[in-house]
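Okay, thanks for making time, everyone. I'd like to walk you through one small corner of a model and then step back to the whole chain. Have a look at it first.

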Amino acid sequence: MRIQLCRVFRKYVSPETPVEMLKKKSLADQICARFGKGFRLITEVQSQFLSRPMPDEALCAVLWEYKDRGKKDMI
């Protein structure tokens, strides 16, 4: 399952990141340092996701989980 999510991350967020590097959690800092500037904006990722022919609720939840991160709650 984790490898499949790595492939999704690579396809939607960082096409230049090798899947083999994504297999090791310990390389996260190196991946961000090396490829982080090429990461797509979450709005671009969401747009690409919405263009898919088949919806996927689980993947949708992952992509939208942090959409309001950093915003103050409006209560």
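Before I point at anything, a word on what I mean by a helix: helices here are DSSP runs of H or I, at least four residues, numbered from the N terminus. With that in hand, threonine 17 is in the loop between α1, residues 2–12, and α2. And please keep in mind that this is a predicted model.

So, the overall layout. The protein chain has five helices and zero strands, and reading along the sequence you get α-α-α-α-α. Of its 75 residues, 21% are buried. The accessible surface is about 6200 Å², and carbon and sulfur atoms account for 58% of that. If you take contacts between residues at least 6 apart in sequence, 29% of them join residues at least 24 apart.

Now back to that loop. Is threonine 17 buried or exposed? Threonine 17 is buried, because its relative accessible area is 0%, and the cut-off for buried is under 20%. What does threonine 17 touch, if we skip residues up to four places away in sequence? The answer is Arg10, Leu22, Ile31, Phe35 and Phe39.

Serine 14 sits in the loop between α1 and α2 as well. Serine 14 also comes out at 0% relative accessible area, so serine 14 counts as buried. The side chains of serine 14 and threonine 17 are joined by a polar contact of 2.4 Å. Leaving out neighbours within four places in sequence, serine 14 is in contact with Phe9, Phe35 and Phe39.

Proline 15 is in that loop between α1 and α2 too, but here the number is 30% relative accessible area, so proline 15 is partly exposed. Again setting aside residues up to four places away, proline 15 touches Arg10 and Arg40. Proline 15 and phenylalanine 35 are 20 residues apart in sequence, and their C-alpha atoms are 9.5 Å apart in space.

You'll have noticed some phenylalanines coming up, so let's do the aromatics. How many aromatic pairs does a search of the whole structure find? Just one. That one is phenylalanine 9 with phenylalanine 39: the ring centres are 5.5 Å apart and the planes are at 90°, so the pair is edge-to-face. The cut-off for edge-to-face is over 60 degrees. This pair links distant parts of the chain, with phenylalanine 9 in helix α1 and phenylalanine 39 in the loop between α3 and α4 (42–50), 30 residues apart. Phenylalanine 9 has a relative accessible area of 27%, so we call phenylalanine 9 partly exposed. Phenylalanine 39 is partly exposed as well, because its value is 25%.

Next, the nonpolar core. Which residues make up the largest one? There are six: Cys6, Met21, Leu22, Leu27, Ile31 and Phe35. The elements that give two or more residues to this core are α2 and α3, the latter being residues 28–35. Keep an eye on Leu22, Ile31 and Phe35 there, since they are among the residues that threonine 17 touches.

Last topic, charges. Side chains of opposite charge can pair when their charged atoms come close. How many salt bridges does the count come to? Two.

One salt bridge is lysine 23 with glutamate 20, where the closest N and O atoms are 2.9 Å apart. The side chains of glutamate 20 and lysine 23 also show up as a polar contact of 2.9 Å. Glutamate 20 lies in helix α2, residues 19–22. At 55% relative accessibility, glutamate 20 counts as exposed, because the cut-off for that is over 50%. Lysine 23, at 34%, is partly exposed. And if you want a distance across the fold, the C-alpha atoms of glutamate 20 and isoleucine 3 are separated by 9.3 Å, with their positions 17 residues apart along the chain.

The other salt bridge is arginine 40 with glutamate 44, closest N and O atoms 3.6 Å apart. Arginine 40 is at 25% relative accessibility, so arginine 40 counts as partly exposed. Glutamate 44 is at 36%, which means partly exposed again. Arg40, by the way, is one of the residues that proline 15 touches.

That's my tour; happy to take questions.

How values were computed:
Residues are numbered from 1 along each chain as its sequence is written. This is a predicted model: local features need pLDDT of at least 70, side-chain atom pairs count only at pLDDT 80 or more; totals for chains, interfaces and linings use all residues. Side-chain values use heavy atoms; hydrogens and water are left out. Buried means under 20% relative accessible area, exposed over 50%, partly exposed in between (1.4 Å probe, protein chains only). A polar contact is a pair of N or O atoms within 3.5 Å; within protein, one must be able to donate a hydrogen and the other to accept it, and residues adjacent in sequence count only if both atoms are side-chain atoms. A nonpolar core is a set of buried Ala, Val, Leu, Ile, Met, Phe, Trp, Tyr and Cys residues joined through side-chain atoms within 4.5 Å. Contact means heavy atoms within 4.5 Å. Accessible areas come from the Shrake-Rupley method with a 1.4 Å probe; for residues, only the protein chains shown count as cover. Rings of Phe, Tyr and Trp (its six-membered ring) pair if their centres lie within 6.5 Å; planes under 30 degrees apart count as stacked, over 60 as edge-to-face and the rest as tilted. A salt bridge is a side-chain nitrogen of Lys or Arg within 4 Å of a carboxyl oxygen of Asp or Glu.
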